[in-house]
Each structure stands twice: as structure tokens, then as C-alpha cells.
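Open the model in your viewer and keep the selection tool ready. We will go from the whole chain to a few chosen spots.

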Amino acid sequence: MKCWGNNGYGQLGDGTTAAIRNASAAVSALSSRVAAVTAGARHTCSLTSAGGVQCWGSGVLGDGSSVGTPRLPVGVSGLSGGVAAVRAGDLHTCALTSTGGVLCWGENSHGELGDGTTTRRTTPVQVNGLSSGVAAVTAGSSHTCAVTQAGAVLCWGYNYNGQLGDGTSGTTASRTTPVGVSGLPSPAVAVTAGADFTCALTTAGGVLCWGFNIDGRLGDGTTTSRSTPVPVLGLSTGVIAVSAGGNHACALMAQGTVQCWGSNRFGQLGRSSRNDRAPGAVSGLSGVAAVTAGFLHTCAVTAAGAVKCWGYNDYGSIGDGSRFLVPVAVPGLTSSTTTSPANAGTYDVRATLDNPNYAAEPAGAMLKILGAQGITQNVADEIETLSATVTDPNDKQQLDEALAQLSAALDPALWRSPLDQLQLDPTNGDKVFQAFADATKTLLKLIDDPTSTIPDAPLQALVDRIVAADRMLAVTAISAAGGGVTTMAATAAVSDATMAAAASPIHRVDKKIEEAMKELEKGDAEALAGKPRKAIDHYGKAWKKAQEAIKKS
């Protein structure tokens, strides 16, 4: 693992306190392989491959002591295993356990640890009421938020600017235990806490923010602070990840581009504007797999594994020794960088599927992912909702049949455990693709039935989303085979009846992979021609060819 930037508190973990490190350097004395990393103001923490947590730097690191002098990595007390994610705020840290609980440690002057007190804790303490049922957690400067498995957002800690989202703000509004965020229009799949504001990503792929807004960091076109969520302009769908920084935020779009908004005093938005109250594209950046917003800078990981950063660089945060308003590559990290599920507030395919709370429910995980890519609702719920409004017995019977067929496709027994980027068990692929094809056929029968009372548009949208799921399975299988297709290509959004093209070029290294790609291209052509059943057939063949390539390798 490599770190760079400000090191005055030893937070880079290289055994020195050199104030600035312009180039990435390896962290010393890590006792286990690293699965994820998160950075605070004066400390850094990693999640090990064994599910443990290690922290380094200065302050309260969670090992039972509170030492002002910099330290190399130490194990967090009681967290040698069983942790699914870790998030660092400015001076506090929180961990999500594999059982869905939240534990926090560090400074607590505003109640940011959520244990009902304002007492500093040198070892992890349980957040009140959150011993289970949590899917994600994020830590801001002095507040903390969590997403429950049901999609609710809870926040606690400092609330002077309304960053907790419960409708209150001011000197007496801070909370030492979790409170619910008010007014989210649909369930959340992710939450990200900035310095004094917060943003959530919904199942519809939209972003809402709340809190301090003097420089437009809420993205609603104003500079008015909000104590409840407001939609970010232009981002009602199509977002798959969001990250809040010090005074700006960025969203990763399904097509692999990045939109940022808020303060741009140091170029952290990646373009030559001052402040932007609404999202705008980062200049010259595409094919992105993950993005994270720092205090005054931003970094992204591309599908090829390169790291690019932009913004404030007086402390070497960009990693190349200079200051840039547009993304530049970090030397030494031009390929093979893994997107980290611990990027504060981000939401991506890998992070979700690695979360044991979702991995226990493969169907739920898949549908949540589809929703987060701009597919407005998970398919099964939408069919069920539509069925409940239909009065014609034949229409209702057909919808219920489609729902049963779709449910068969998502049977957890058909999926590999643990999940790996939506990889099916190779012996069950035919069953899944057939079940998707059956559901599509049933919905198309309704569309073609002149006596049906259901409008064609919602039925066609359901068909498009099912076809998108098939394509995603084919692309991720090709990626696993080494074909160079990225997760971003797998999550290409569907708009109405149009299938989005793959976002990345393909490196054809194997005949079977080439054959799989040809089938994928045929499927895309059929989808664009409005022939979903033929598209599904080709996507199924692409998946099979990719599985043959995997077996061969």
C-alpha cells in the first residue's frame, strides 16, 4: 500500500514525519495484506484482508492509548477480524462489522462516536442502537452517518449547519446518538460525509445533499444551507458513486465520467471555474472506476488501474509535486490499482458485493446495484408494484408470472458464494439466462396484447432493465476472463430502449474472449434494434464463451 501528501503527523506511515511527500511511498510495518484504506486529518487506517483494522499517524488510533507523537501501524483493540469497512473522520474513526454493527473511537466533543456521550474513546465503542442492520458507514469532520439495510440514513455528532439532516441546526442541535435523516424520496444505498455537509445516493441513482452550502457544495443551484436533503441538480439518475470532501463533492456516473460541484478555489472540481453551485464534468476524464473527494483535492482510479488527482497540492496531495486544475497521473500508480471499498462515501459494484450484509442476499445485492446505475427501481419491486395496481385478471396473471420468472433468475442458490462481481456459478448460468429470457418473453406478450390495459412504456422499461442485467453478467464474465472489460463497462446505463455501449476498449488476448466479445457486440446490436429476446440469447452465449476462457486459463 502506498500513501502521499501531508505527513506532519506521520499519517503516511513511512516511518518519518517529513512534512510533505510529493511521491507515493510504501507504508511500513503493515502486518497483513490490505483490502481497503481510509484517511483522516492526522491518521490513516486500513482494513486487512482478514477483516482486521490497523491505524497509524497521531491521536487516538484505537489501541487503548492516546499518543500525540506519530506512530507506525497498530492494531485497533478488539478488531483483529470481523470488520467489513472502516471510515476515518478528521479525528475519529468508525468500523462496520460483518454483522452490520457500527463501532467508533477517537475524539467525541460533539457526540460523533454516537455512544450517548461526549467522552473521548481510545478503543472502539458501540454506537447506540446500531449493533446490527447497517449496510454502510461514513465519517465527516465531526459527524458520522450510516445507511441501514432497509435504506434509511441515520446521522449523529456535530449539527451546527444541519449536516445531520434531521431538520435542525444551530448550537444546540448536535446529537450524541443516531437520528433519522428526513425527506429522502427513496431508499439510500450509500452516504458520504464531508466537512460540514452530507450527501446520499438513492436506489434510483440520484444524489441529495444537506448541510452547509456557502459555496454551493450541496449542488442545488443555491448557497443556502439546508437541514434536510435537497436534490443535486441534474443528478436524479445515472450515478453509481458519490464522495463529499472538505467543501466540494463529486459523483461517478454510470458511463465512467465524473461530475463535481462546490468550491473550486484550488481546482478541486477539475475545471477552470471559481465555484459551481451545480455539477459539471471533470475535464478530460473518462473510464473512471472510483472517485474520492479530499479536503481540497480529488482523486480517481481509472478502469485501467491508474490514479489521477487534481486540486490543492501544497502538501503533495496530488502526488506529482505540482498543482493542477485538471487530472494528472500519480507517478508509480499508472496501472493495477484496485478500487478501494473504503473510499469514503463511494458506492460501487465491488464494494457492495464485498459487504457481507449484501453478500448474504445475492438477489438483493444485484438489484440494488442495478438501481444505483440509473435503472430507476429494482425490477422485481417495480413488477410487484405494477401488479398491485392492475385490475384486469389476465394482466395481473402475466405480471405475476414475470415476477416468478425473474425471482427464479435471482435464486441465491444459482450464484457463486461469496459473490465476485456478479459472477454466476458456472454450472447455473444457463438457468439464470433462461429465467431472464422467460420473464422478458412474458412482458413482451403483454406489450403485444391489444387487450392489455397496461401501457407499453412501463413494460418496455422493465424489459430494457432485464436486458441490461443480462449484459452486465456477460461483461463481468469477460472481465474475469481477462478480456479487459471493466466494471464500468458492465454498469453501462440503459436509457429507455437504448443499450449503452461498453465504456472501455477491449484487449482481445484469447480466441474464446474474442468470440465472447463478438457475441456481446451482436447482443448490443439486437438490443439497439429493439429485439431484446435475441439480445439476451447473444449475451448468454457471450457469458458461456467467457466461462470457457476462464476454464482454459
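The tour below visits the whole chain, a sheet, a loop residue and a pair of helices.

**Stop 1: the whole chain**

Start with everything selected. Bear in mind that this is a predicted model. Colour by secondary structure: the protein chain has ten helices and 28 strands. There are 553 residues, and 57% of them count as buried. Now think about contacts between residues with a separation of 6 or more. Residues 24 or more positions apart account for 53% of these contacts.

**Stop 2: a four-stranded sheet**

Select residues 134-139, which are strand 11, and residues 175-180, which are strand 14. Add strand 12, residues 143-148, and strand 13, residues 153-157. In what order do the four strands lie in the sheet? The order is 11-12-13-14, in an open sheet with antiparallel pairing. Strands 11 and 14 are the edge strands, and each pairs on one side only. Look at the twist as well: neighbouring strands of this sheet are turned by 20° against each other on average, ignoring direction.

Zoom in on strands 11 and 12. Five bridges link strand 11 to strand 12 in the antiparallel sense. Pick V137 and look across to strand 12: A146 stands opposite.

**Stop 3: a residue in a loop**

Stay with this sheet and find the loop between strand 13 and strand 14; Q163 is there. Is Q163 buried or exposed? Its relative accessibility is 0%, so Q163 counts as buried. The cut-off for buried is under 20%.

Show what surrounds Q163. Leaving out residues up to four places away in sequence, Q163 touches H143, Y158, D196, F197, T198, W210 and G211. One of these, H143, belongs to the stretch 143-148 that you selected as strand 12.

**Stop 4: two packed helices**

Clear the selection. Two packed helices are described by the angle between their axes and the distance between the axes. Select residues 393-409 for helix 5 and residues 429-448 for helix 6. They pack at an angle of about 165°, with axes 8 Å apart. Helix 5 and helix 6 are therefore roughly antiparallel to each other. The crossing of helix 5 past helix 6 is left-handed.

Now show the side chains at the contact. From helix 5, the contact residues include L399, A402 and L406. From helix 6, they include F436, A439 and L443. What kinds of residue make up this contact? Eleven are nonpolar, three are polar and four are charged. Among the contact residues you can also pick out D395 and E401 of helix 5, and K445 of helix 6.

Notes: Residues numbered from 1 in each chain as written. Predicted model: local features only at pLDDT ≥ 70, side-chain atom pairs only at ≥ 80, totals over all residues. Heavy atoms only, no water. Pairing = 2+ DSSP bridges. Helix = DSSP H or I, 4+ residues; strand = E, 2+ residues; numbered from the N terminus. Axes fitted to C-alpha atoms, helices over the stretch in contact; angles between N-to-C directions. Parallel < 35°, antiparallel > 145°, perpendicular 65-115°, else oblique. Left-handed = near helix turned anticlockwise from the far one by under 90°. Contact = heavy atoms within 4.5 Å. Nonpolar A, V, L, I, M, F, W, Y, C, P; charged D, E, K, R; others polar. Buried < 20%, exposed > 50% of the residue type's maximum accessible area, 1.4 Å probe, protein only.
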